[in-house]
Amino acid sequence: MTVARTPTAAARRAARGDAVRVAARAGFVGRGVLYLLIGVLAVRIGLTGARDQADRGGALAEVASAPLGAVLLWALGAALAGMSLWRLSEALFGAAGPKGDSKGKRLMAGVRFAFYGITSFLVLSFAAGYRGSGAGETDRQSQDITGRLLGLPGGPWWTGAVSVAVLGAGLWIGGRAALRKYREHLTWSRLSHRQRRFMDVTGVAGGVGRGLVIAAVGFFGVKAALAFDPAEAKGMDDTIRSFAHTPAGPWLLIAVAAGLVLFGVFSFGQAAWRKV
C-alpha cells in the first residue's frame with residue numbers, strides 16, 4: 001500500500017513545491033506582457049487608425065522587433081509553459097484556497113492548462129521562426145474553425161453552442177472582475193492599502209475589458225452560426241476593431257484597449273501576490 005502510494009505522494013509534493021510556484025509566477029508575468037502589448041496596440045489603433053494587429057501575433061511581432069527580441073520571445077514562451085504546468089498541477093491535485101479540490105475547479109484548471117499549453121507552443125513556434133502564428137492569425141483561425149464547425153452535420157447548432165459558451169465565459173469573467181472575486185485568490189490580508197487599491201483598479205477595469213472582448217468574440221460566432229457564414233466570425237484583432245463601429249465610436253475601442261493594458265498590469269500584481 002505504501003509503495004503504491006509513494007509515486008502519487010511524490011508527484012503531489014512536487015506539484016506544490018517551489019519550482020511550480022516559480023513557474024506559475026513567471027506565467028503571470030508572461031500573460032501580463034501579452035495583454036499589455038495587445039492593449040497598447042489597440043490603443044494605437046483607436047487613436048491613430050494604425051494598421052497594427054491587436055492580437056497575440058501582433059504582440060509577438062512587437063517583441064521580436066525589440067533589442068534581444070529572439071531571447072525575449074523564448075523567455076515569454078517558457079513563462080507561459082510555466083503557467084500551463086501550474087494549471088496542470090491544479091487539475092491533477094487541486095488548487096490553493098477554499099474548494100480548490102472541487103471537480104469544477106479542477107476541470108477549469110484542465111481547460112486553462114490546455115489553453116496556456118497551446119499559447120506557449122504558438123509563442124515558441126514564433127520564436128523558432130514559424131510565422132503562421134503571427135499578426136492577424138487569430139482572425140484567420142476563428143474563421144477557419146467556424147467554417148469547419150459549420151460543415152459538420154448540425155453545424156450551425158454546434159457553432160452556436162460553442163459561441164454561446166464563449167460569450168457566457170466572457171460575461172462570467174467580466175462579472176467576477178466587477179464583483180472583485182479575484183480577491184479570494186490573493187494574499188489580501190497581507191497587502192497594504194495602496195497595494196489593495198492598485199489591484200482593485202487594475203483587476204476590475206482589466207477584467208471587465210478582457211471579459212468584453214471575449215464576450216464579443218462569442219457574439220460574432222453566434223452571428224456566423226445564424227448566417228451560416230464563417231466570414232462573420234472574428235478573432236481578437238477584428239473584434240477589438242469592431243468596438244469602433246458602435247455609436248460610441250473609437251472611444252469605446254480605446255476604453256476596451258485601456259482595459260486590456262490594465263489587465264496586463266493586474267497580471268503583474270498577481271505574479272507577486274497570487275496564492276499558488
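In helix α5, the buried residues are Ala109, Tyr116, Thr119, Ser120, Leu122, Val123, Ser125, Phe126 and Ala127. Their cover includes α2, α3, α4 and α8. The model is predicted. The protein has ten helices and zero strands.

**Overall build**
- From the N terminus on, the order of elements is α-α-α-α-α-α-α-α-α-α.
- The protein has 276 residues, and 42% of them are buried.
- Among contacts with a separation of 6 or more, 73% join residues 24 or more positions apart.
- The protein exposes about 14,200 Å². Carbon and sulfur atoms supply 67% of that area.

**Helix α5**
- The 25 residues of α5 should span 36 Å at 1.5 Å a residue, because the expected span counts one less than the number of residues.
- The end C-alpha atoms of α5 are 36 Å apart, which agrees with the expected span.
- Glycine 129 follows α5 and has a positive phi, near 110 degrees.

**Largest nonpolar core**
- In soluble globular proteins, nonpolar side chains tend to be buried together.
- The largest nonpolar core holds 39 residues. Leu60, Val213 and Ile240 touch the most other members.
- Two or more residues of this core come from each of α2 (18-48), α3 (56-64), α4, α5 (103-127), α8 (193-227), α9 (236-242) and α10 (250-273).
- α2 gives the most to this core, with nine residues.
- Not counting residues up to four places away in sequence, isoleucine 240 touches Ile38, Ala42, Ala54, Val213, Leu253 and Leu260.

**Serine 163**
- Serine 163 sits in helix α7, which covers residues 155-178.
- The relative accessible area of serine 163 is 8%, so this residue is buried, the limit being under 20%.
- Leaving aside neighbours within four places in sequence, serine 163 is in contact with Gly218, Gly221 and Val222.

**Surface patch and leucine 72**
- Leu68, Val71 and Leu72 form a nonpolar patch on the surface. Together they have about 310 Å² of accessible area.
- Leucine 72 lies in helix α4, residues 69-93.
- Leucine 72 has a relative accessible area of 42%, so it counts as partly exposed: buried means under 20% and exposed means over 50%.
- That 42% also meets the patch cut-off, because patch residues need over 30% relative accessible area.

Technical notes
Residues numbered from 1 in each chain as written. Predicted model: local features only at pLDDT ≥ 70, side-chain atom pairs only at ≥ 80, totals over all residues. Heavy atoms only, no water. Patch = residues over 30% accessible without salt bridge, like charges linked within 9 Å, V, L, I, M, F, W, Y side chains within 5 Å. Areas by Shrake-Rupley, 256 points an atom, 1.4 Å probe, with all protein chains shown as cover. Salt bridge = Lys/Arg side-chain N within 4 Å of Asp/Glu carboxyl O. Helix = DSSP H or I, 4+ residues; strand = E, 2+ residues; numbered from the N terminus. Buried < 20%, exposed > 50% of the residue type's maximum accessible area, 1.4 Å probe, protein only. Contact = heavy atoms within 4.5 Å. Core = buried A, V, L, I, M, F, W, Y, C linked by side-chain atoms within 4.5 Å.
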